[in-house]
Amino acid sequence: MLSGPLEDPYVASYNHNTKEWKGPFKAGTSEMGKDPNRKKKIDNHGKPSMLIDDAGYIHITFGGHGGTKALGENTLGNYHYGKNLHAVSKKPLDISAWETLETISPFGTYNQFIKMDNGDIFLFYRHGAHRSNWVYQKSTDNGRTFDEPVSFLKHKRRTDMEAEDSWYPWITKGNNDELLVVFDYHLCSDATKKTKGLGHIAKRYDIYYMVFNTKTNEWRNVQGESLAIPVTREEADAKALVARTPGNWTFQGVVDLDPKGNPHIGMTIGKEIEGARRSASKSMNHFKWNGKEWMHSTKTGLPNGNGDLEVKTADEIDFYIEAKTEDGFGEVAQWKSIDGGETFNKAKVLLSKPKANFAISALIKNSHPDARIIVAQHKTGAKFKYMYLLGDNGAVMRNKNEAKVLKHEE
């Protein structure tokens, strides 16, 4: 699955038994990428999110970066661009033909699908542009209809500075009916002389964690205390804080549970540079709850780079990280700890290319050993990316000329 020409979503499939590739097929038409005034600006906020329901139909949400005023009033946030859309395959497990349904809010971005054991589907996203609530919509009929959006993180104007509270969460399935949420705080500053005109930049701080019981609709912190939703900055600071990151910026947390039910968190952290739009390079950091307090090892050996984690036991923890090597190669590698996250060592390189820059997905749920993660590589000087399907034995290969063919039904 990828964003193709003009930000439209395309889907390819691979049969592990027959070793056969199909597609890519066009799954829908995005409203992004069509504005001639934005021709040189690719907006990847509308990238696809995919899920297969219990009946075998494939669902994709795509195309949104907050929506526009032309779509109506956004009571939960502000506007920016595009329209959040929902496409469904016309046949189970068949990527060749699609239909677009009017089932979700048009104001979404950063879509994330999760399916529970009973088949209920949750769609999480930010309900608008940078100054908007984070919400979820629930479906109990295989994604054919969704309940109205429910806010779980609140954007709010600050009174002590010219800025707004905002957030960036990542949601993962936990045990039984629970969902795990790791999130960091985004200080969305106004573009003023005091902020040196920087305005909205990737200024994120601190690490938070909470749990959503989808059966009882209750939210709690790691100690079991109830949280009032939508969670405000004050509530998060008081009850959901994992760690402060003074002088550093954070980006893209991930979370998993060990067999005892204790959460482990991965978060990239880099030094703040005064007056800059970005921090210094961010290294992966590991945090874990030991039943009484959050622990953070500061000399783990993990590299600068993004990725996901898999907690196998309380002692055995794997990270899958994209990073740059000292000799200039881009690589995706498995990093393993056998001492509870105190130290990590590179266990296996899954992909390595000279002078390459990679973007990495989360680990695929219920995956085949040959299909653990998806990686994109930007080709220098070109307006496209290579896509790789990586497993325990590296990349699944495909004929290059065959992969270039884009197919779709008009």
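How many bridges join strand β5 (residues 58-65) to β6? Select both strands: six bridges connect them, and the two run antiparallel. Strands here are DSSP runs of E with at least two residues, numbered from the N terminus, and two strands pair if DSSP finds at least two bridges between them.

Before going on, note that this is a predicted model, in which local features need pLDDT of at least 70, side-chain atom pairs count only at pLDDT 80 or more, and totals for chains, interfaces and linings use all residues. Residues are numbered from 1 along each chain as its sequence is written, and side-chain values use heavy atoms, with hydrogens and water left out.

**The sheet around β6**

Stay on β5 and pick phenylalanine 62, which stands opposite leucine 85 in β6. Next select β6 in full, residues 81-91: nine of its eleven residues are buried, so the strand is largely enclosed by the rest of the structure. Buried means under 20% relative accessible area, with a 1.4 Å probe and protein chains only.

Move to β7 (residues 94-101), which pairs with β6 in the antiparallel sense over five bridges. Here valine 88 has glutamate 99 in β7 as its bridge partner. The two strands form a hairpin with two residues between them, and leucine 93 in the turn has a positive phi of about 50°.

Now add β4. It pairs with β5 in the antiparallel sense over four bridges, and isoleucine 52 has isoleucine 58 in β5 as its bridge partner. Together the four strands make an open antiparallel sheet in the order β4-β5-β6-β7. β4 (49-52) and β7 stand at the edges with a single partner strand each, so one side of each lacks a neighbour in the sheet.

**The largest nonpolar core**

Select Phe124, Phe152, Phe183 and Met210, which touch the most other members of the 29-residue largest nonpolar core. Such a core is a set of buried Ala, Val, Leu, Ile, Met, Phe, Trp, Tyr and Cys residues joined through side-chain atoms within 4.5 Å. Among the elements giving two or more residues to this core are β9 (121-127), β11 (150-153) and β15 (204-213). β14 gives the most, with five residues.

**The sheet of β26 to β29**

Finish with another open antiparallel sheet of four strands, in the order β26-β27-β28-β29. Within this sheet, six bridges join β27 (residues 373-378) to β28 (residues 385-391). Isoleucine 374 is a good place to stop: its bridge partner in β28 is leucine 389.

Conventions: Buried means under 20% relative accessible area, exposed over 50%, partly exposed in between (1.4 Å probe, protein chains only).
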